[in-house]
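Visitor: I would like to take a close look at a single part of this model. Please show me the structure, and then I shall ask about one pairing in it.

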Amino acid sequence: MKRRQFIQKSTAATVLAGVGGLSLQSFDSSKITKITILHTNDVHSHIDPFGPDDGRNANKGGVARRATLVESIRQENPNTLLLDAGDIFQGTPYFNYYGGELEFKLMSMLKYDLATIGNHDFDNGIDGLYAQIPHADFEFVSANYDFSNTVMDTHVKPYKILIKDGIKIGVFGLGIKLEGLVDKKMYKETVYHDPIEKAQDMSRILKEEEKCDLVICLSHIGYNYKNKPNKVSDLKLARATKDIDLIIGGHTHTFLPKPTIEKNSVGKNVLVNQVGCYGLYLGKVDFYFNSGKNIKADGASIVV
Amino acid sequence: MTIKHTLKLCFLLLLFTCSSSQVSKIEGKRINIDETLEPNKEVEDFIKPYREHVNADMDNIISYALDTYSKSDGELNTAIGNLMADAVYDEGNEVFLKKTSEHIDFVLLNHGGIRAIISQGNITTRTAYEVMPFENSVVVVAMKGNKVNEMMDYLAKAKRAHPISKQLQLTLTVDDKIKSATVLGEPIDPKKTYYVATNDYLYNGGDGMTFFQPNEGLTILDYKIRNVLIDNFKKTDTLNPKIDNRFIKLKF
C-alpha cells in the first residue's frame with residue numbers, strides 16, 4: 001500500500017523552562033489526545049445484513065454488527081464521534097413500512113452524534129422527515145440548506161461543536177442541489193445555497209471565531225463527477241477551501257479503500273473519505289493531538 | 001501578590017491563550033461489516049418485531065422469472081425496462097380508461113428508476129420493493145405531438161435505455177439522429193394530443209425531462225409504480241421479458 005507521510009517539524013515545549021518553578025499538567029509535552037471519527041453514508045435503510053444469495057454483497061452489512069463494532073471502538077477510545085453523511089432513508093421495505101422510524105431509532109441506539117441530510121431523506125417529503133425527528137436522539141447539520149420556511153426550521157443547524165477531552169471539534173453539513181433531483185413537492189421551500197461559499201463561511205467561523213481544533217465537513221454533495229467537470233464535489237470543495245481537516249462524503253456511493261489526500265487552497269492537506277453505501281463498511285479516521293503547547297501548524301503525519 | 005508573581009501569571013495566561021491542540025498524526029482506514037462481527041443483541045432484539053412484520057408480507061411468491069434481468073443488459077432497451085414500461089401500460093391503461101374513456105398512447109419511465117435486478121427464480125413482493133423502492137405513482141400527461149418530439153430528441157441525446165412501452169418505436173441513425181419515431185406504427189403528428197403515462201418524479205422534471213411541461217392536462221391515477229409491478233407479476237405466471245427493437249440505433 002502506498003503511504004504518504006508528512007512528518008511534523010516541531011520542537012518540544014521547551015519554552016516552559018523559562019517560567020520557573022511552576023509545573024502544570026496541561027503544559028506537559030507528553031499529553032496526546034486521540035480523537036476517533038467513525039462514519040457511515042448512504043445506508044439507505046439497510047438494517048439487516050445482505051442475505052447469503054446476494055450477487056454482490058452476500059453476508060455483508062447489518063446494523064446490529066455495526067453496533068458491536070462501534071461499541072468496541074468506543075471502549076478502546078471514549079473520545080469517539082459517530083457521524084452519518086446522509087441518505088439514511090430509502091432502499092428496503094423497512095422504509096416503506098415505517099417511514100424511517102426504525103432507521104432513526106437504531107441510529108439513536110448506536111449513539112450517533114450527528115447526521116446531514118441527503119436527497120433521499122426527502123423521499124416522504126419534508127413532512128415525512130419532520131415526522132421522524134422525535135425518533136432521533138442525534139442532531140442534524142446542514143449549512144447550505146435553508147429550512148427557514150419549512151417545518152424543519154430550527155431542527156437543522158448549520159454546524160455543531162462537540163468537545164471531547166478538551167478538543168474542540170466543529171462539524172458542518174452540506175447537501176446536494178435538490179432542483180431536478182428531488183421533486184419540489186417533496187422539499188417544498190427548502191433553499192439550496194452554493195456549497196463552496198457556505199463551506200468557506202463555515203470553516204472561517206469554526207476555525208477563526210470558534211477556535212475549533214478540528215473542522216469536519218459532513219457532505220452529501222458527492223465525491224467526484226468525472227463526466228461533469230463543473231459539478232461541485234467533495235474533491236472540488238477540498239481544493240477550494242481552507243481550514244477543513246476532513247470531508248466525510250456521500251451520495252455517489254463511492255467505495256474508497258482509504259481516504260483521499262487533497263491539497264486545499266493554501267496547500268495544506270485535507271482528507272476526503274466515503275465508505276460506499278448500505279452500511280457495508282465503517283469509516284474510521286483517528287486524529288492524534290499534541291495539546292497544551294505551541295506547535296508550528298505545518299503538517300501532521302498521515303497514515304492511510 | 002508581588003509584581004514578579006503577577007508577571008509570571010501574565011506570562012502563563014499568555015502561554016495558555018497561545019497554546020493550541022495540534023494534530024500530530026492522522027490515521028484513516030475502513031472496516032468491513034461482515035459475519036466476523038457478532039450482532040449486538042440489544043439492537044438485534046429491537047429489530048426483530050419490525051423484521052417479522054415486514055417479512056410476513058414480503059416473502060409471498062407471486063410469480064417466477066425465467067432468467068436474471070438487469071438494467072445494464074441491453075443498449076437502448078433492456079428486458080427489465082421493457083417489462084416495467086409494458087406493465088405500467090397494461091395496468092395503467094385499465095385505470096385510465098375507466099377514469100377518462102381514453103387510452104394511454106405509450107409509457108416513458110427512467111433508467112435510473114430501476115433500482116435492482118430481477119433474479120432468476122421465484123418472484124416475491126420483495127422483488128417489487130427492490131426494483132421499485134420509491135413511492136412514485138403513475139400520472140398520464142396529455143401532450144401535443146410537438147412536445148412528444150421534444151421527448152424523442154431527449155431520448156436520442158440521452159442515449160440511455162430509458163424504459164418505453166412497446167407502442168412507441170424509436171430508431172436512431174448511426175450518428176444518433178432520429179431516423180424514425182412512431183406510435184402504433186404512425187409517425188408523430190405535432191398537432192395531435194397524446195396520452196403519455198410516466199411517473200410523478202419525471203413529470204415534475206426529474207432526470208432533466210423538461211418536455212412534460214407545459215402540457216394539455218394531467219390525470220393522476222393514484223397508483224404506485226410498485227403496486228403496478230405487484231399487480232402485474234401476480235397476473236403473470238412466468239416473467240420472460242425480452243430486449244426488442246422498440247428503441248434502437250442503426251449500426252451503419
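Visitor: In what sense do strand 5 and strand 9 of chain B pair, and over how many bridges? Please describe this part closely, together with what surrounds it.

Guide: The model is a predicted one. In it, strand 5 (residues 137–144) and strand 9 (residues 193–199) of chain B pair in the antiparallel sense, over 7 bridges. Strands of a sheet pair through backbone hydrogen bonds, and such pairing may be parallel or antiparallel. A particular pair of residues helps to locate the pairing: Met143(B) has Tyr194(B) in strand 9 of chain B as its bridge partner.

The two strands belong to an open sheet of 4 strands in chain B, arranged in the order 3-9-5-10, and the pairing in this sheet is mixed. The edges are held by strand 3 (106–107) and strand 10 of chain B; each has a single partner strand, so one side of each is left without a neighbour in the sheet.

Helices accompany this sheet. Helix 5 of chain B packs on the sheet, where it touches strand 5 and strand 9 of chain B, and its direction makes about 115° with that of strand 5 of chain B. One residue of helix 5 (residues 145–158) of chain B is Asn149(B). Asn149(B) counts as partly exposed because it has 16 C-beta neighbours inside 10 Å; a residue would need 20 or more to count as buried. Leaving aside residues up to four places away in sequence, Asn149(B) touches Ile188(B) and Pro190(B). Asp222(B) may be set beside it: Asn149(B) and Asp222(B) are 73 residues apart in sequence, and their C-alpha atoms are 27 Å apart in space.

Helix 7 of chain B lies across strand 5, strand 9 and strand 10 of chain B, and it runs at about 60° to strand 10 of chain B. Before strand 10 (217–224) of chain B comes a loop that begins after helix 6, and Pro214(B) is found in that loop. The peptide bond leading from Gln213(B) to Pro214(B) is cis, with omega near -15°.

Helix 7 of chain B also meets another helix. Two packed helices are described by the angle between their axes and the distance between the axes. For helix 3 (residues 79–100) and helix 7 (residues 225–235) of chain B, the axes come within 9 Å and cross at roughly 85°. Helix 3 of chain B is therefore roughly perpendicular to helix 7 of chain B, since angles of 65 to 115 degrees are counted in that way. From helix 3 of chain B, the contact uses Met84(B), Ala87(B), Val88(B), Asp90(B), Glu91(B) and Gly92(B), while helix 7 of chain B supplies Ile225(B), Val228(B), Leu229(B), Asp231(B) and Asn232(B). Sorted by class, this contact of helix 3 with helix 7 of chain B has 6 nonpolar, 2 polar and 3 charged residues.

The view may now be widened to the nonpolar cores. The largest nonpolar core has 82 residues, and Leu83(A), Val171(A), Ile216(A), Leu218(A) and Ile247(A) are those with the most contacts inside it. A second, separate core of 59 residues includes Ala87(B), Ile114(B), Val140(B) and Phe247(B). Ala87(B) thus appears twice in this account, as it also takes part in the contact between helix 3 and helix 7 of chain B.

Finally, chain B touches chain A. The contact takes 44 residues from chain B and 64 residues from chain A. On the side of chain B that touches chain A, the elements that give two or more residues are helix 1 (3–18), strand 1 (20–32), helix 2 (41–58), helix 4 (125–131) and helix 6 (200–203) of chain B. The largest share of that side, 13 residues, comes from strand 1 of chain B. By class, the side of chain B that touches chain A has 19 nonpolar, 12 polar and 13 charged residues. As for the partner, chain A has 7 helices and 15 strands, and of its 304 residues, 49% count as buried.

Terms used. Residues numbered from 1 in each chain as written. Chains lettered and ligands numbered in written order. Predicted model: local features only at pLDDT ≥ 70, side-chain atom pairs only at ≥ 80, totals over all residues. Contact = placed C-beta atoms within 7 Å. Nonpolar A, V, L, I, M, F, W, Y, C, P; charged D, E, K, R; others polar. Buried ≥ 20, exposed ≤ 12 C-beta atoms within 10 Å, placed from the backbone. Axes fitted to C-alpha atoms, helices over the stretch in contact; angles between N-to-C directions. Parallel < 35°, antiparallel > 145°, perpendicular 65-115°, else oblique. Core = buried A, V, L, I, M, F, W, Y, C linked by C-beta atoms within 7 Å. Pairing = 2+ DSSP bridges.
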